[in-house]
Amino acid sequence: MGDRGTSNYSEATDFILAGFRVRPELHILLFLLFLLIYTMILLGNVGMMVIIMTDPRLNTPMYFFLGNLSFIDVFYSSVIAPKAMSNFWSESKSISFAGCISQFFLFALFIVTEGFLLAVMAYDRFIAICNPLLYSVQMSTHLCVQLVAGSYFFGCISSVLQTSMTFTLSFCASRTIDHFYCDDRPLQKISCSNLYVHKLISFFLCSIIILPTIIIIIVSYIYIVSTVLKIRSTEGRKKAFSTCTSHLGVVSVLYGAVFFMYLTPDTFPELSKVASLCYTLVTPMLNPLIYSLRNKDVKEALRKSLEKRYLNSTFTVM
């Protein structure tokens with residue numbers, strides 16, 4: 001069995017992405033849905049990056065991290081959405097072996113980086129609220145760059161380990177991946193290798209990635225809530241909490257979708273795909289909306305940017 005698996009693995013040149021098992025006439029509807037979501041992701045996140053880079057008032061650590069969050073959202077959704085949309089029109093729905101590895105690697109890189117970045121953003125809010133007088137000193141430009149670089153570093157290390165571990169498996173059961181992108185669980189299903197060690201290492205990797213980030217977020221917010229509750233004025237408490245609600249919303253949406261996906265039994269693959277859709281495309285679509293709707297600075301910067309463009313267009317016409 002092992003020899004046959006190795007032989008088939010070495011001969012494999014592509015996989016088939018089964019996607020959503022729906023009637024063919026619904027593929028057009030799904031294509032339009034994916035196209036709408038992906039367009040909103042690009043407009044929302046690229047718009048957020050432009051606003052942050054062009055408005056001097058947003059030149060703060062919080063918006064530096066938010067700009068990087070938008071950058072990550074654009075790229076990891078771009079790893080998934082275009083291929084998924086093209087498969088709605090394709091008869092073969094194939095993805096090359098190298099393409100599958102690249103998709104797996106890049107998605108793992110960006111999603112893990114986002115997890116660490118959200119933990120960094122929670123730490124930033126902790127310093128801003130609990131030590132406001134030392135904020136500009138503690139959250140220096142140098143430290144902010146190091147924290148973002150560290151997030152990418154851990155994302156890259158994790159992605160290299162996960163990718164190398166997954167694609168050294170033998171795939172002899174089938175070439176059909178029951179998903180709309182190359183993910184670990186569907187790839188395990190078509191492997192004929194002994195998965196005990198693979199699952200053990202995967203669990204260990206998930207633990208050292210997810211647990212520290214969640215602990216940092218939870219501990220940061222315990223201190224934040226404790227500090228805010230000591231503020232006497234209601235207006236002061238609302239102002240302090242308002243800087244955190246957007247971040248909490250993003251964290252809740254991402255981790256809620258991830259946990260739901262991994263807690264979904266393998267006996268419900270379509271449910272797992274819907275959960276995956278939530279954190280691969282819906283989450284990066286919602287992130288800029290959450291921050292723009294809940295953040296006065298972003299709304300003000302957006303309003304001024306639109307007014308400036310309107311005035312420029314008016315003078316051009318005149």
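## Briefing: salt bridges, helix packing and surface

Glutamate 25 sits on the exposed side of the scale, with a relative accessible area of 51%, just on the far side of a cut-off that calls a residue exposed when the value is over 50%. Bear in mind that this is a predicted model. The chain has 318 residues, and 47% of them count as buried. Its secondary structure comes to 11 helices and three strands. Here's what turns up when you go through the pieces by topic.

**Layout of the chain**

- Reading from the N terminus, the elements go α-β-α-α-β-α-α-α-β-α-α-α-α-α.
- Strand S1 covers 14-17, and a loop joins S1 to H2; helix H2 itself takes in residues 27-54.
- Strand S2 (94-96) comes after a loop that starts from H3, and H3 spans residues 61-87.
- Strand S3 (176-177) is linked by a loop to helix H7 (184-189).

**Salt bridges**

- As background, side chains of opposite charge can pair when their charged atoms come close.
- The count of salt bridges in this model is six.
- Arginine 21 pairs with aspartate 178, and their closest N and O atoms are 3.3 Å apart. Arginine 21 belongs to the loop between S1 and H2, while aspartate 178 belongs to the loop between S3 and H7, so this bridge ties together parts of the chain that are 157 residues apart in sequence.
- The two ends of that pair differ in cover: aspartate 178 is buried at 19% relative accessible area, whereas arginine 21 is exposed at 56%. The 19% of aspartate 178 counts as buried because the cut-off is under 20%.
- Aspartate 178 also has a salt bridge to lysine 273, with the closest N and O atoms 2.8 Å apart. Lysine 273 is in helix H10 (residues 269-294) and aspartate 178 is in the S3-H7 loop, so here the parts tied together are 95 residues apart in sequence.
- Both partners in this second pair, lysine 273 and aspartate 178, are buried.
- Put together, Arg21, Asp178 and Lys273 are linked in a salt-bridge network.
- Back to glutamate 25: its side chain meets that of arginine 23 in a salt bridge, at 3.7 Å from N to O. Arginine 23 is exposed too, with a relative accessible area of 53%.

**Helix packing**

- Which way do H4 and H8 run relative to each other? Their axes cross at roughly 20°, and H4 and H8 are therefore roughly parallel, as the cut-off for that label is under 35 degrees.
- H4 covers residues 97-130 and H8 covers residues 196-229, and their axes come within 9 Å. H4 passes H8 in a left-handed crossing.
- H3 and H6 pack at an angle of about 25°, and their axes are 10 Å apart. That pair is therefore roughly parallel as well.
- The handedness of this crossing is right-handed, with H3 passing H6.

**Residues close in space but far apart in sequence**

- Valine 145 has its place in helix H6 (residues 141-166) and counts as partly exposed at 43% relative accessibility.
- The C-alpha atoms of valine 145 and phenylalanine 65 are 9.2 Å apart, although 80 residues separate the two in sequence.
- Proline 24 lies in the loop between S1 and H2 and is exposed, with a relative accessible area of 62%.
- Between the C-alpha atoms of proline 24 and phenylalanine 88 there are 8.7 Å, for two residues that are 64 residues apart along the chain.

**Surface patch and an unusual backbone angle**

- Ile28, Leu32, Leu35 and Trp89 make a nonpolar surface patch of about 410 Å².
- Leucine 35, one of the patch residues, is found in helix H2. It counts as partly exposed, at 34% relative accessibility; patch members need over 30%.
- What is phi of lysine 93 near? The value is near 55°, which is positive in a residue other than glycine.
- Lysine 93 is in the loop between H3 and S2, and with 15% relative accessibility lysine 93 counts as buried.

Notes
Residues numbered from 1 in each chain as written. Predicted model: local features only at pLDDT ≥ 70, side-chain atom pairs only at ≥ 80, totals over all residues. Heavy atoms only, no water. Patch = residues over 30% accessible without salt bridge, like charges linked within 9 Å, V, L, I, M, F, W, Y side chains within 5 Å. Areas by Shrake-Rupley, 256 points an atom, 1.4 Å probe, with all protein chains shown as cover. Salt bridge = Lys/Arg side-chain N within 4 Å of Asp/Glu carboxyl O. Helix = DSSP H or I, 4+ residues; strand = E, 2+ residues; numbered from the N terminus. Buried < 20%, exposed > 50% of the residue type's maximum accessible area, 1.4 Å probe, protein only. Axes fitted to C-alpha atoms, helices over the stretch in contact; angles between N-to-C directions. Parallel < 35°, antiparallel > 145°, perpendicular 65-115°, else oblique. Left-handed = near helix turned anticlockwise from the far one by under 90°.
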